[in-house]
Number of protein chains: 2
Amino acid sequence: MSEELGLSVKKSENFGKWYLEVIKKAELAEQSPVEGCIIFTPYSYSIWENIKNYLDKKIKETGHSNVYFPLFIPESFLKKEAEHFSGFVPECAWVTEGGSTKLGERLALRPTSETIMYYTFSKWIRSHRDLPLLINQWCNIIRWETKAAKPFLRTKEFLWQEGHTAHATKEEADEEVIKMLNVYKELVENQLAIPVITGKKTESEKFKGALYTTTIEAMMPDGKALQMGTSHNLGQNFSKAFNIKFLDKDKKKKYAWQTSWGVSTRLIGALVMVHGDDKGLIIPPRIAPYQVVIIPIYKKETKEIVLEKCEDIEKKLKEEKIRVLFDKREQYTPGFKFNEWELKGVPLRVEIGPDDIKNKQITTVRRDKEDRIAIKENEIEKIKNILEEIQKNLFEKAKKFFEEHIFVVKNFEEFEEMMKNKKGFIKACWCGSEDCEKKIKEETSATIRCIPFKREKIFSNCVFCGKKAKEVVYFAKAY
Amino acid sequence: MSEELGLSVKKSENFGKWYLEVIKKAELAEQSPVEGCIIFTPYSYSIWENIKNYLDKKIKETGHSNVYFPLFIPESFLKKEAEHFSGFVPECAWVTEGGSTKLGERLALRPTSETIMYYTFSKWIRSHRDLPLLINQWCNIIRWETKAAKPFLRTKEFLWQEGHTAHATKEEADEEVIKMLNVYKELVENQLAIPVITGKKTESEKFKGALYTTTIEAMMPDGKALQMGTSHNLGQNFSKAFNIKFLDKDKKKKYAWQTSWGVSTRLIGALVMVHGDDKGLIIPPRIAPYQVVIIPIYKKETKEIVLEKCEDIEKKLKEEKIRVLFDKREQYTPGFKFNEWELKGVPLRVEIGPDDIKNKQITTVRRDKEDRIAIKENEIEKIKNILEEIQKNLFEKAKKFFEEHIFVVKNFEEFEEMMKNKKGFIKACWCGSEDCEKKIKEETSATIRCIPFKREKIFSNCVFCGKKAKEVVYFAKAY
């Protein structure tokens, strides 16, 4: 534990530096000796476990089974789907030696598992009765990024889940894509308290090898977009490359329709950015490692009764299935502990001192509001309501920020002006040409984050070329 | 699903072939296109999840936190503990290229994580207050084995957990080593229903880099030993190599004492071998993906009432928190389903036909005994007891086999005779010399599996050299 608890920089003043400092001081990640990789500490891994437990349950409830496929992908496999290969080969780490032997063929460490899985799918799928095939995998992923690493957001290794399914028809695959995107939306909005917009990626932004990609996009406090999860309809691209055919009810052999979808540990980075403040992290109660921390306040003569009361309250909160930590360390003052747990973003602090005991109460302090509220000892179940209120408040606050930072623009002057002077997303009309998309990116760094599912009326001509517009889309700079 | 369900070979006739066939036909694993790696199917991965959920809970209850460290280990790190390096370097897979760049230093894919973790421990540990440090990691492990692969038992990639701890004194490390070995013993005996003996490894069989290694050893039906889990006291070997020092209460700087311990997906291989029979797998109820399968038996005119009753029973069993599958597939006969679920080792089958409905009962058939027992519908909670009896019976059966296949020998003639003609472990006295140990291995392939914790009286001179014996030990051929 670092003795210098406070952050040296304000979130509003230097967002990038604040992000790195809060991650280090709140002990979420540690730089690893391998450049570009991070160490997930107990604290960040516990957040990931809470995300994982929730999501794994949803993935199983929607009929998927977990599996585990090899880390190694022969180069020849990656090459089978040409667009996919060209998308991933620049980021592959290659194993070329095993023991003291040089390998005949280079093996890529999975940057994603489509190719290694679908080779096997072709053996599992024979008849329409074998469909839908619905599987999921939790694993590590390797992408040899050349851009500078950023903890949780861009690292050479990260953790994720990847769902992979095969269906008899395009319609069923379409349905699966949306079903899982909605599971992600619920995870991110209801558990991480981060609002998102949902939509389709343009051709140039889609997953390499997919028919189309759907996405959930969140807005970070610097106005940039973070892609929180994607769900792809792969069409028959891979089933043709890997010969995944089934005998349909009409006795005809057909290629399967496939989907894949994933979310990763990048979600941890998002929640740091969206909810944190100048004091440190604020973790939404539903995924917080500790939802409540109890801090005893005593002098020599009151020590015994205070500690006893704290233990009693700890026990009662555990009975209510609240994740609680009783911080009974003697070498630190209450003030030091307040700062430390604020830095670490525990949603609710409970203070118990002699006066509280006298009044048969405990004192609560919310991390998101700093209200001090006394709660009667016999109404301790109210803590649950407070945690729910914090969860709701964090979401509402983030939603308000999101809505206030969407700017509607009608021409490229306004577009450039906004990108230069404000932070946020741009809502604009687009003609649908890749050329306009590309030029906007070149001139402003902004990309089309998605074509929203919630269709809106065209309100101008194309923001770039001025020709007839086809879509209302969101633009932003992105992580 | 393969149409040819039956096994073509008996367990007693060709154990090796039986093992491979049951794994394939019961759909536990699939060969992968990368030689020496397997694919964990939904069925085997579900067994692993049940093992993992149980063990993860125990690991947390004993105070450990989960973390995640990078897959990559720089070659220079591995080299810091010389004995450790020499033990693992022949089995390392090496990444030498990232994207299109040749790396400056080769990166090993973790064969175990001591070195990468302990580099960071040296930054986390400053004072006695930072101790004990208790962490655990669930991850994939790479060992580039040159011997032929065997699913679950020896593959280039497998899954495991690895615990890593640091303590102020040797005594505390000793205690941790035994505590976690006992957690493993309980996992293997009470969940997997496989009896083990516990003890210490000899110097030549210990983990490379450890002070000493403790082990749990099980006996397979061919009499060979399978090491099910190990727990090492690393002494100060790594803390000296990685400079893990702390300021003790007496104000002196001291090197930490460390432990590491692990179990892997090899446990799945053990349970296949120990419990399976000529019909296929038998999975102990506590870790079975499905504990009960319901199979409807009907003709056209009774279909509706039978299916309805099955659904009713399925619901009731779920309420009892039993993992149940109602097999309502129409394209297969009940007979086919009986065979399939026997092959897959579901502990209890429930049959429901018109006669059962008339008698207000269900018919149960145990996988381990084939008793047909009718249970009254209003006594359905009895199923729980039956599952517990199956669990107990599987353990007792394996324990009986284990005990009946330990042979006490007093001289090397008896030793060789036994190794040639019988299957099992040898209990013998040993002088303690590495030379005798080595020669016995050369002549019989048997190794000392452990020096048991349960000390027994020396009953002869050394089984090899005839000099005064120091220890009673167990010998066996090993996987």
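By what turn, and with what shift along the axis, can chain A be laid on chain B? That is where I would like to start today, and I should say at once that we are looking at a predicted model, in which local features need pLDDT of at least 70 and side-chain atom pairs count only at pLDDT 80 or more, while totals for chains, interfaces and linings use all residues. Residues are numbered from 1 along each chain as its sequence is written, chains are lettered from A and ligands numbered from 1 in the order in which they are written, and side-chain values use heavy atoms, with hydrogens and water left out.

To come back to the opening question, a turn of 180° with a shift of 0.0 Å along the axis lays chain A on chain B with an RMSD of 0.0 Å, where the copies are superposed by least squares on the C-alpha atoms of residues with pLDDT of at least 70 in both. The two copies are thus related as by a two-fold rotation axis. Within chain A, the residue that comes closest to this axis is A:Val95, whose C-alpha lies at 2.1 Å.

Let us turn to the contact between the chains, where contact means heavy atoms within 4.5 Å. Chain A gives 53 residues to it and chain B gives 53 residues. Together the chains bury about 4300 Å², of which 64% is on carbon and sulfur atoms; buried area here is the accessible area (1.4 Å probe) that two parts lose on being put together, summed over both. Of the area that chain A buries against chain B, 14% is supplied by A:Pro33, A:Tyr68 and A:Phe72, more than by any other three residues.

Next come the charged pairs. Side chains of opposite charge can pair when their charged atoms come close. We call it a salt bridge when a side-chain nitrogen of Lys or Arg is within 4 Å of a carboxyl oxygen of Asp or Glu. Between chain A and chain B there are six salt bridges, and one of them joins A:Glu49 to B:Lys60, at 3.1 Å from N to O. Over all chains the structure holds 82 salt bridges, including one between A:Asp368 and A:Arg366, with the closest N and O atoms 2.7 Å apart. Both of these residues are buried, a word that means under 20% relative accessible area (1.4 Å probe, protein chains only).

Finally, what is the count of disulfides over all chains? A disulfide is a pair of cysteine sulfur atoms within 2.5 Å, and by this rule the count comes to zero. A:Cys462 is in no disulfide, and the nearest cysteine sulfur, in A:Cys465, is 3.7 Å away. A:Cys462 is also buried, at a relative accessible area of 3%. In chain B, the sulfur of B:Cys429 is 8.6 Å from the closest cysteine sulfur, that of B:Cys462, which is too far for a bond.

Key: Buried < 20%, exposed > 50% of the residue type's maximum accessible area, 1.4 Å probe, protein only.
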